[in-house]
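Reader: I would like a close look at a single part of this model. Please keep to one strand and its surroundings, and then follow the contacts outward.

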Amino acid sequence: MSVNLTKGQQISLSKSDGGALTVVRMGLGWKAAPRKGFLAKLTAREIDLDASAVLFADKQAVDVVFFQHLVSDDGSVTHTGDNRVGGAGQGGDDESIVVDLSRVPVHVDQIVFTVNSFTGQTFEEVDNAFCRLLDETNGQELARYTLTGGGRHTAQVMAKVVRQGRGWQMEALGSPADGRTFQDLMPAIAAHL
């Protein structure tokens, strides 16, 4: 059963049978919002959203996975590839980042997931945008965070997973930001570490 997360809500990343999750996938999906008014007869404008995962050790960025660096240096985090238009899955994931939690180096204590509009459109122009966390071993959706309300910002610090002893916790952040790349978002990310 999936949990619909609200901003700041936390969930433990463990299986319903009490076992620890080993591989999770953060999926991102979106569609361009339909145009309104006179331009409504035209098709929606393509929007290139990008999912990124920044790995931290003691609040210092040690690696990043994004469309130009698809696999973390240690191989524990993998981006499945860049989607430049969204809507490919018609409600499914357009970009995904897979995290093998059992392989994340012990010094990495947080992984922050972001989404940014590489083409610069605001979230007012994006429709049905969401991120979700799945148990990659069985495809079960564990949590979903919906980008609601649009907004004049071009990015979101979406969620983070934090090492808690032997396990992991997920926190939905949903913090609006501005930037076309994950590098632009580093000050906004730092506020959540």
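Take the hairpin that β4 and β5 form: how many residues sit between them, and which residue in the turn has a positive phi?

Author: Two residues separate β4 and β5 in the hairpin. The positive phi belongs to Asp-58 in the turn, at about 50°. Keep in mind that this is a predicted model.

First, the setting. The protein chain contains one helix and 12 strands. In sequence order the pattern is β-β-β-β-β-β-β-β-β-β-β-β-α, with the helix at the end. The chain has 193 residues, and 50% of them count as buried. Look next at contacts in the chain with a sequence separation of 6 or more: 68% of them involve residues 24 or more positions apart. The exposed area of the chain is about 9,300 Å². Carbon and sulfur atoms supply 50% of that area.

Now β4 itself. The strand covers residues 49-57, and nine of its nine residues are buried. Its side chains divide between two directions. Leu-49, Ala-51, Ala-53, Leu-55 and Ala-57 point one way. Asp-50, Ser-52, Val-54 and Phe-56 point the other way. Both sets are buried.

β4 has pairing partners. With β8, residues 110-117, β4 pairs in the antiparallel sense over eight bridges. Within that pairing, Ser-52 stands opposite Thr-114. With β5, residues 60-65, β4 also runs antiparallel, and five bridges join them. Here Ala-57 faces Gln-60. The turn of this hairpin is where Asp-58 sits.

Follow β5 out of the turn. Val-62 lies in this strand. Is Val-62 buried or partly exposed? Val-62 counts as partly exposed, because its relative accessibility is 39% and the buried class ends under 20%. Beyond its neighbours within four places in sequence, Val-62 touches Leu-55, Phe-56 and Ala-57, and also His-107 and Val-108. Leu-55, Phe-56 and Ala-57 are residues of β4. Ser-72 makes a useful distance marker. It is 10 residues from Val-62 in sequence and 9.7 Å away in space, C-alpha to C-alpha.

β4 also leads to β6. His-79 is found in that strand, which covers residues 77-79. His-79 has a relative accessible area of 2%, so the residue is buried. Which residues does His-79 contact, leaving aside neighbours within four places in sequence? Ala-51 is one of them, and Ala-51 belongs to the set in β4 that includes Leu-49 and Leu-55. The other contacts of His-79 are Val-65, Phe-66, Phe-67, Leu-70, Glu-95, Ser-96 and Ile-97. With Glu-95 there is a polar contact, side chain to side chain, at 3.1 Å.

Two of those contacts, Phe-66 and Phe-67, lead to the aromatic rings. The structure holds three aromatic pairs. Phe-66 and Phe-67 make an edge-to-face pair, 5.5 Å centre to centre with 80° between the planes. Phe-66 is buried, at 10% relative accessible area. Phe-67 is partly exposed, at 22%. Phe-67 also pairs with Phe-118: the ring centres are 5.5 Å apart and the planes meet at 75°, so this pair is edge-to-face. That pair links distant parts of the chain. Phe-67 is in the loop between β5 and β6, and Phe-118 is in the loop between β8 and β9, 51 residues apart. Phe-118 is partly exposed, with 26% relative accessibility. Phe-66, Phe-67 and Phe-118 join Phe-182 in one aromatic cluster.

A charge sits by this cluster too. Arg-180 lies over the face of Phe-118, at 4.7 Å from the ring centre. A second arrangement of this kind involves Arg-144, which lies over the face of Phe-130 at 4.3 Å from the ring centre.

One last stop is β9, residues 126-135, where Asp-135 lies. Asp-135 is buried, because its relative accessibility is 2%. Its side chain makes a polar contact of 2.5 Å with the side chain of Thr-137.

Back to the start, then. β4 is buried in nine of its nine residues. β8 pairs with β4 over eight bridges. β5 pairs with β4 over five, and two residues separate β4 from β5 in the hairpin.

How values were computed. Residues are numbered from 1 along each chain as its sequence is written. This is a predicted model: local features need pLDDT of at least 70, side-chain atom pairs count only at pLDDT 80 or more; totals for chains, interfaces and linings use all residues. Side-chain values use heavy atoms; hydrogens and water are left out. Buried means under 20% relative accessible area, exposed over 50%, partly exposed in between (1.4 Å probe, protein chains only). Helices (H or I, at least four residues) and strands (E, at least two) are DSSP runs, numbered from the N terminus. Two strands pair if DSSP finds at least two bridges between them. Contact means heavy atoms within 4.5 Å. Accessible areas come from the Shrake-Rupley method with a 1.4 Å probe; for residues, only the protein chains shown count as cover. A polar contact is a pair of N or O atoms within 3.5 Å; within protein, one must be able to donate a hydrogen and the other to accept it, and residues adjacent in sequence count only if both atoms are side-chain atoms. Rings of Phe, Tyr and Trp (its six-membered ring) pair if their centres lie within 6.5 Å; planes under 30 degrees apart count as stacked, over 60 as edge-to-face and the rest as tilted. A charge sits over a ring if NZ of Lys or CZ of Arg is within 6 Å of the ring centre and within 35 degrees of the ring normal.
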